[in-house]
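Biologist: Got a minute to go through this one with me? Put it on the screen and I'll start with the surface.

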Amino acid sequence: VASDTAGGSSSYISNNRSVVWTIVANQMDKTLRNAAITDVIPAGLTWESATLEYWDGTAWGAPVSVMPDASGKYALGDISARVRLKIKTRVPDEVYNTAKITYRNTAKLTSTDVPASGVNSYESTATFGIDGITKSGTVNPQQQKIKWTVGVDVKNQSIPALKSYDLLVYGTTITLSTVTGIPSGITASSLTPSYNQKFIANSFTGSGLTYNVIPIFSGGNRVADLLEVTGFSTTASNSYTFETKVLNPSIVLGNKTSWVANNASLFSNNTRIAKAERRVDYISNIIEKSMIKRTSLSDPSSLVNSGKTNTKADGFNYEDKSVIYRIGVNASNFDFTSLVDSTEATLSPAIVTDSLPAGWVFDEIIPGSNFLIFSGTGVNGAVTASSTTPTTVSGLTTNFVGNTATFTFDKLDQPYVILVKARPSSATLNTLFASNATTTATNKATLSTSLWSAGASVQQDATIVSNLLKKSLQSVETGLLRWT
């Protein structure tokens with residue numbers, strides 16, 4: 001059990017601190033010969049004193065001062081009751097404290113009667129210090145931004161010239177040794193980059209605080225923003241917020257949950273004295289893939305929602321020899337006309353590409369049309385059609401070539417559901433049903449933009465089972481088998 005004898009909720013004293021480690025051994029009151037407790041004081045702490053107490057059956061006896069040997073062993077001799085060892089250690093004094101440190105201490109009981117392989121050791125920890133700077137974040141993926149909240153509280157310690165820095169790097173890397181713009185006296189390596197972000201102008205709020213956005217350059221190009229905040233009180237808690245634009249399309253449109261980290265560093269004059277990091281989840285749901293159950297082929301619109309399936313055995317229609325694929329677009333309800341990359345270029349138009357397996361072709365889903373599209377709503381990464389009536393989308397162009405269909409949205413600002421119909425070509429169909437076999441056909445859908453060609457992809461498998469010849473055996477009666 002550790003006790004911190006310094007500090008409080010509104011102030012912190014960084015000297016005259018101590019911790020008392022309490023070890024209770026032989027709690028079953030066994031007879032142990034040549035018993036000893038070994039406790040090596042953690043590095044950084046100073047041993048001050050130790051006392052030993054014996055249990056008399058109802059209470060602890062008077063404490064007796066004891067000394068360890070050079071290896072940290074406290075000899076107990078032969079004992080037949082539990083013992084309690086208290087070791088007092090001194091924590092190093094500091095001019096001030098803005099970061100926590102944890103000391104780990106392990107005690108081990110040994111005896112002629114305690115097997116060396118037994119569980120006879122225990123670890124305890126003691127933590128000192130404060131979090132001089134803290135950080136949290138709230139994500140708004142629809143607006144491509146994160147609101148960060150930073151707290152600074154040194155709990156009435158006298159620390160000169162407090163200020164904080166937050167280095168917001170537009171891209172995924174930065175070479176701090178070659179950039180320009182770092183304030184004089186600040187060592188670049190003392191700044192921790194926060195990648196894929198840019199400061200949103202006029203988003204800072206902080207009572208009594210002053211901020212400055214310092215441009216950072218590399219090779220003549222602005223590659224980062226350094227947010228500098230000053231005016232902190234040492235006698236009260238400080239708080240400020242600001243917003244960043246997330247610039248990496250692989251995060252914004254990644255069709256997954258990514259994390260975005262932000263780091264704030266607390267300085268006294270030009271020396272970093274603490275830092276805080278916070279990672280937040282950035283959820284992007286822009287494309288999903290499924291099928292319409294084969295029982296829905298005669299009227300796919302009516303079952304655009306209720307006929308949805310991801311079960312690969314339920315999609316292929318053996319009478320019609322086709323599959324209807326269902327593509328959910330933009331479940332996160334992004335407005336692509338307002339999304340930008342690290343150069344502030346707009347990520348619109350959005351391009352949805354549907355790719356069939358080799359040997360498959362698209363077919364009209366209804367007479368005169370290769371696709372149906374429905375307005376939708378996005379929930380939990382899936383798109384639900386708002387009605388069973390197809391719609392028309394202004395600015396949408398389509399192109400069906402071979403086994404690839406492309407849907408280009410000049411203005412993608414809401415979720416949609418797209419249905420397309422595909423079938424094996426005549427040659428592929430002959431191959432699929434030329435023998436007993438189960439074949440898996442994989443359909444892939446990708447959402448990309450003209451400036452982000454990598455895109456995010458999903459796929460849906462459909463299995464086709466061919467049973468040309470089957471044979472089974474039945475035992476009719478003793479000595480008689482029936483082959484079918």
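Biologist: How much area does the protein expose, and what share do carbon and sulfur atoms supply?
Modeller: This is a predicted model. The exposed area comes to about 23200 Å², and carbon and sulfur atoms supply 49% of that.

Biologist: And what percentage of the residues is buried?
Modeller: 45% of the 484 residues.

Biologist: Charges next. How many positive and negative side chains?
Modeller: There are 39 positive and 35 negative ones. The centres of the two sets lie 3 Å apart.

Biologist: What about secondary structure, how many helices and strands?
Modeller: Two helices and 32 strands. The radius of gyration is 35 Å, well over the 23 Å from the globule rule for 484 residues, so the protein is more spread out than a compact globule.

Biologist: What does the C-alpha trace span along its principal axes?
Modeller: About 95 × 85 × 40 Å.

Biologist: Of the contacts between residues at least 6 apart in sequence, what share joins residues at least 24 apart?
Modeller: 71%.

Biologist: Let's look at S15. Which way does S14 run against it, and over how many bridges?
Modeller: Antiparallel, with nine bridges between S14, residues 210-218, and S15. The two make a hairpin with two residues in between. Glycine 219 sits in that turn, with a positive phi of about 60°.

Biologist: And how does S11 pair with S15?
Modeller: Also in the antiparallel sense, over seven bridges. S11 covers residues 162-169 and S15 covers 221-230.

Biologist: Which residue in S15 is the bridge partner of leucine 168?
Modeller: Aspartate 225. Aspartate 225 is also the bridge partner of proline 215.

Terms used. Residues numbered from 1 in each chain as written. Predicted model: local features only at pLDDT ≥ 70, side-chain atom pairs only at ≥ 80, totals over all residues. Heavy atoms only, no water. Helix = DSSP H or I, 4+ residues; strand = E, 2+ residues; numbered from the N terminus. Rg over C-alpha atoms; globule rule 2.2 N^0.38 Å. Buried < 20%, exposed > 50% of the residue type's maximum accessible area, 1.4 Å probe, protein only. Contact = heavy atoms within 4.5 Å. Areas by Shrake-Rupley, 256 points an atom, 1.4 Å probe, with all protein chains shown as cover. Lys, Arg positive; Asp, Glu negative; His and termini not counted. Charge placed at Lys NZ, Arg CZ, Asp CG, Glu CD. Pairing = 2+ DSSP bridges.
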